[in-house]
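Reader: I'd like a close look at a single part of this model, one strand and its surroundings. Could you take me through it in one go?

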Amino acid sequence: MELCFSEIRIENTNRCAYRCFFCPREELTRPKGTMSVEDFKLVLETLDSHTGIVDLHGFGEPLLDSDLVTKIRMVSRTWPNARSRIYTTLGVTLSNDTWEQLAFSGIREIEVSFYGFTPNAYREVHGVHRFDLALDNLTRLCRLKKGVPELDIVMRAFPTHSQITPPNPHEIAVEFWKRVQELGVGVIRERDLHNFGSGRLYNLPGRGKTCSIIWGYRKRILQVTWDLKVIPCCFDFDASMILGDLRTSTLEQIFMGSPYTNFIEAHVNDNLSSLPVCAGCERCFKP
């Protein structure tokens, strides 16, 4: 069985000190931890080669992993044509040396969640008083980026929703985006606010349609938790749909095993009663 993925998502940690209102972190019941370097090496050894994206984050803040730089360098050595990426709030205190090591580690994209443009608005969205720290870290990274032209820093816009609006006054938002662009942030993306599977109820579930876990995008993603569990999708924040464990099984065994085949059959037959995460999800569907 030949396995090929366009994207590999490795959850280096599921720890996070933020309390963003749209994130169902309060429902997390699985153990919290950080993937060891030895386990990370095991993940890399599951595939001979990979030329796509390698996400080094999951349901947590990747900068809380003290071995993050080491892991990024391991990806560069093992899969030299892959593109390493993290999603981060930047709300973590790190030394100047660590920031410099991160910028020059071989990472190719740092995507930043920064949804409040004043201290109060930031607290309203993210649940913590770390506006100044995150902004200082963003500024520091952008200065380091001048010596690393291949590094992209991406600022995420507040997710769109018909009933939930960002807490930022228009004039302040315009001024903030201008300031960010002057720092050299080249891409600004805007995404829809989603349910996080069954974690929130912002949108109606996409029943009667087929998820891309069957036909396309999500079928090409390998998702591994910090403790080496393979799960089908990043919306399964509590790892309730475990397909296999890389400590005890190969990828071939996992994707030929009954948990995976039963999962796919449930989607094909639109029988998601045993998969609450999928039953509550509204993303990645087509008729």
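Author: Here is a walk around strand S5, then on to the sheet and the helices.

First, the ground rules: this is a predicted model, where local features need pLDDT of at least 70, side-chain atom pairs count only at pLDDT 80 or more, and totals for chains, interfaces and linings use all residues. Residues are numbered from 1 along each chain as its sequence is written, and side-chain values use heavy atoms, with hydrogens and water left out. Helices (H or I, at least four residues) and strands (E, at least two) are DSSP runs, numbered from the N terminus.

Let's start with S5, residues 152-156. Four of its five residues are buried, so the strand is largely enclosed by the rest of the structure. Buried here means under 20% relative accessible area, exposed means over 50%, and partly exposed is in between (1.4 Å probe, protein chains only).

What sits beside S5? Strand S4 (residues 109-113) pairs with S5 in the parallel sense over five bridges, and two strands pair if DSSP finds at least two bridges between them. Ser113 stands opposite Arg156 in S5. Strand S6 (residues 187-189) also runs parallel to S5, joined to it by three bridges. Look for Arg156 again there, as it stands opposite Arg189 in S6.

Zoom out and you get an open sheet of nine strands with mixed pairing, in the order S6-S5-S4-S3-S2-S1-S8-S9-S10. Its edge strands are S6 and strand S10 (244-245), each pairing on one side only. Over at S8 (residues 221-224) and S9 (residues 229-231), the strands run antiparallel and are joined by two bridges, with Gln223 opposite Ile231 in S9. The loop between S8 and S9 holds Leu228, which has a positive phi of about 75 degrees although it is not a glycine. Leu228 is also buried, at 0% relative accessibility. For context, most residues other than glycine have a negative phi, and most peptide bonds are trans.

Back to S5 and its helix. S5, helix H6 (residues 170-183) and S6 make a right-handed β-α-β unit; right-handed means that, with the strands pointing away from the viewer, the path from the first strand over the helix to the second runs clockwise. H6 lies across S5 and S6, running at about 170 degrees to S5. Axes are lines fitted to C-alpha atoms, for helices over the stretch in contact, and angles run from 0 to 180 degrees between N-to-C directions. Contact means heavy atoms within 4.5 Å.

H6 has a helix partner too: helix H5 (residues 131-145) packs against H6 at an angle of about 30 degrees, with their axes 9 Å apart. H5 and H6 are therefore roughly parallel to each other. Angles under 35 degrees count as roughly parallel, over 145 as roughly antiparallel, 65 to 115 as roughly perpendicular and the rest as oblique. Phe131, Leu135, Leu138, Thr139 and Cys142 of H5 make the contact with Phe176, Arg179, Val180 and Leu183 of H6.

Finally, here's another helix to look at. In helix H2 (residues 68-78), the buried residues include Leu68, Ile72 and Val75. Among the elements covering the buried residues of H2 are helix H1 (37-44) and strand S3 (83-88). H1 and H2 pack at an angle of about 25 degrees, with their axes 11 Å apart. That makes H1 roughly parallel to H2.
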